[in-house]
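Reader: I'd like to get to grips with the charged pairs in a protein. Can you walk me through them?

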Amino acid sequence: MKALLILAVLLFSSTVHSKKFERCELARTLKQGGMDGYRGINLANWMCLARWESGYNTQATNYNPGDRSTDYGIFQINSRYWCNDGKTPRAVNACGIPCSALLQDDITQAITCAKRVVRDPQGIRAWVAWRQHCQNRDVSEYIRGCRL
């Protein structure tokens, strides 16, 4: 019985994992995904946003009790407007994806959805963390030393 319990714990822990990107690894991935210069937003600003939203962690989530929505993934994209988590009241799902897609180690869908977010009138200002930590600041440190 004890062996069965240990096996179950090992199987569960091997299926639940997250990717926390190294800074320069994420910068390269975002650049390959066409984020540098997208809608006039340079790579350093995207990196600053990801640092303050998720700490570069693909599995980051944050529940917002006020509107009962959740922010998902490396960009902390919100379930009220951008994805469907099946539990957020009056969700719009403007990216047309399940929120679980934003938690994958392959961030291709997260990049596509982030691009959709910045096409709205607020642009990158839709992210509170960007406004608080990146806007009107020198953000070059977020890509400094990365071979891009």
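**Charged pairs, one by one**

Author: Let's start with a single residue: Arg116 has a relative accessible area of 23%, so Arg116 counts as partly exposed. Keep in mind that this is a predicted model.

Reader: Okay, which residue does Arg116 form a salt bridge with?

Author: Look for a carboxyl oxygen within 4 Å of a side-chain nitrogen, since that is the cut-off for a salt bridge. Here the closest N and O atoms are 2.8 Å apart, and the partner is Asp120.

Reader: And is Asp120 buried or exposed, or something in between?

Author: Buried means under 20% and exposed means over 50%. Asp120 comes out at 29% relative accessible area, so the label is partly exposed.

Reader: How many salt bridges does a search of the whole structure find?

Author: Besides Arg116 with Asp120, Lys19 pairs with Glu25, with their closest N and O atoms 2.8 Å apart. Asp67 also forms one with Arg80. The search of the whole structure gives a total of three.

Reader: In the Asp67 and Arg80 pair, how far apart are the closest N and O atoms?

Author: The cut-off is 4 Å, and this pair makes it with a distance of 3.7 Å.

Reader: Where along the chain do those two sit?

Author: They link distant parts of the chain, 13 residues apart. Asp67 is in the loop between β1 (61-64) and β2 (69-72), while Arg80 is in the loop between β3 (77-78) and α4 (108-118).

Reader: Which residue of that pair is buried?

Author: Buried needs a value under 20%. Asp67 has 28% relative accessibility, so Asp67 is partly exposed. At 8%, the buried one is Arg80.

Key:
Residues are numbered from 1 along each chain as its sequence is written. This is a predicted model: local features need pLDDT of at least 70, side-chain atom pairs count only at pLDDT 80 or more; totals for chains, interfaces and linings use all residues. Side-chain values use heavy atoms; hydrogens and water are left out. Helices (H or I, at least four residues) and strands (E, at least two) are DSSP runs, numbered from the N terminus. Buried means under 20% relative accessible area, exposed over 50%, partly exposed in between (1.4 Å probe, protein chains only).
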